[in-house]
Amino acid sequence: KFMQGMISHHAQALEMTALLETRTEREVMRQLAQRIDISQEDEIAMMQDWLRERDQTVPDLDTHHQPGWTPMPGMLTHEEMDRLEAASGMAFDRLFLELMIKHHRGAITMVENLLDQAGSAQDSQLYAFTSDVTADQSMEIDRMDAMLAELSTDPRVQLAAGFSDAGEAIWNMALVAS
């Protein structure tokens with residue numbers, strides 16, 4: 001069930017990155033989408049093979065669009081996907097990053113939920129996959145958090161610590177006040 005749900009989870013991430021082609025003007029966003037596409041496509045293929053090897057049902061990539069399907073943690077609602085599809089430019093970039101961070105955190109939650117089940121880590125391939133998901137998605141979350149901070153208009157986002165540097169602290173306060 002974990003692998004089947006994760007295929008749908010990854011498929012939605014691919015739908016999200018496909019929107020970048022026409023809605024962003026920033027090359028760094030396109031590069032992020034390319035990294036996500038490559039990793040998600042490779043992992044989908046691995047999960048499909050894993051399921052086939054065990055004579056389990058391999059879901060279609062659009063299974064998450066079927067009536068009655070239960071969304072996995074972090075997956076976008078129809079309303080969130082509609083908002084993302086309607087956005088463009090810098091507003092799209094911000095919303096994409098916010099929603100993809102949520103999406104990635106959901107994948108980590110799925111892994112944590114799986115590993116909470118007794119005996120779930122017995123399969124070495126599954127254990128390696130869950131370890132990779134946690135590591136890769138955590139790194140991408142950190143990268144996207146930094147990208148999101150760069151897009152912020154809030155002057156407090158880029159403040160350096162002024163604890164031991166009074167000049168830095170005064171400059172920070174001037175920025176916040178402005």
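**Exercise 1. State which residues of helix 5 are buried, and describe the setting of this helix.**

Solution. Step 1: the buried residues of helix 5 are L126, F129, T130, V133, Q137, E140, I141, M144, M147 and L151. Here "buried" means under 20% relative accessible area, "exposed" over 50%, and "partly exposed" in between, with a 1.4 Å probe and protein chains only. The model is a predicted one: local features need pLDDT of at least 70 and side-chain atom pairs count only at pLDDT 80 or more, whereas totals for chains, interfaces and linings use all residues. Residues are numbered from 1 along each chain as its sequence is written, and side-chain values use heavy atoms, with hydrogens and water left out.

Step 2: these buried residues pack against helix 1 (2-23), helix 2 (27-53) and helix 4 (89-115). Contact means heavy atoms within 4.5 Å. Helices (H or I, at least four residues) and strands (E, at least two) are DSSP runs, numbered from the N terminus.

Step 3: an α-helix has 3.6 residues a turn, so residues three or four places apart point the same way.

Step 4: helix 5 covers residues 124-151, 28 residues in number, and its first and last C-alpha atoms lie 40 Å apart, close to the 40 Å expected at 1.5 Å a residue. The expected span is 1.5 Å times one less than the number of residues.

Step 5: at the N-terminal end, helix 5 is capped by D123, a side-chain oxygen of which lies 3.0 Å from the backbone nitrogen of Q125.

**Exercise 2. Carry out the corresponding analysis for helix 2: what span is expected at 1.5 Å a residue, and which residues are buried?**

Solution. Step 1: the 27 residues of helix 2 should span 39 Å, and this agrees with the 39 Å between its end C-alpha atoms.

Step 2: its buried residues are M29, L32, A33, I36, Q40, E43, I44, M47, Q48, W50 and L51. They pack against helix 1, helix 4 and helix 5.

Step 3: take I36 as an example from helix 2. I36 counts as buried because its relative accessible area is 0%. Leaving aside neighbours within four places in sequence, I36 is in contact with T17, M100, H104 and E140.

Step 4: helix 2 is followed by D55, which is found in the loop between helix 2 and helix 3. D55 has a positive phi of about 55° although it is not a glycine. D55 counts as exposed because its relative accessible area is 72%.

**Exercise 3. Classify S8, D93 and E98 as buried, partly exposed or exposed.**

Solution. Step 1: S8 is in helix 1 and is buried, because its relative accessible area is 1%. Not counting residues up to four places away in sequence, S8 touches T63, H64, W69 and M75.

Step 2: D93 is in helix 4. Its relative accessibility is 1%, so D93 counts as buried. With residues up to four places away in sequence not counted, D93 touches T24, R26, M29 and L151.

Step 3: E98 also has its place in helix 4. At 42% relative accessibility, E98 counts as partly exposed. The C-alpha atoms of E98 and L148 are separated by 7.6 Å, although these residues are 50 apart along the chain.

**Exercise 4. Describe the largest pocket: what is its volume, and how is its lining composed?**

Solution. Step 1: the volume of the largest pocket is about 270 Å³. On a 1 Å grid over the protein atoms alone, a cavity is a set of points where a 1.4 Å probe fits but cannot get out, and a pocket is an open set with protein on both sides within 12 Å along at least five of seven lines; lining residues have an atom within 4 Å of a point. Grid points are joined across faces, edges and corners, and a volume is the space filled by probe spheres set on the points.

Step 2: of the 14 lining residues, Q12, H64, L76, T77 and H78 are the closest to the centre of the largest pocket.

Step 3: helix 1 and helix 3 (78-86) are the elements that give two or more residues to this lining. The largest share, four residues, comes from helix 3.

**Exercise 5. State how many helices and strands the protein chain has.**

Solution. Step 1: the protein chain has six helices and zero strands.

Step 2: of its 178 residues, 39% count as buried.

Step 3: the C-alpha trace spans about 65 × 35 × 25 Å along its principal axes.

Methods: Polar contact = N/O pair within 3.5 Å; in protein donor to acceptor, adjacent residues only side chain to side chain.
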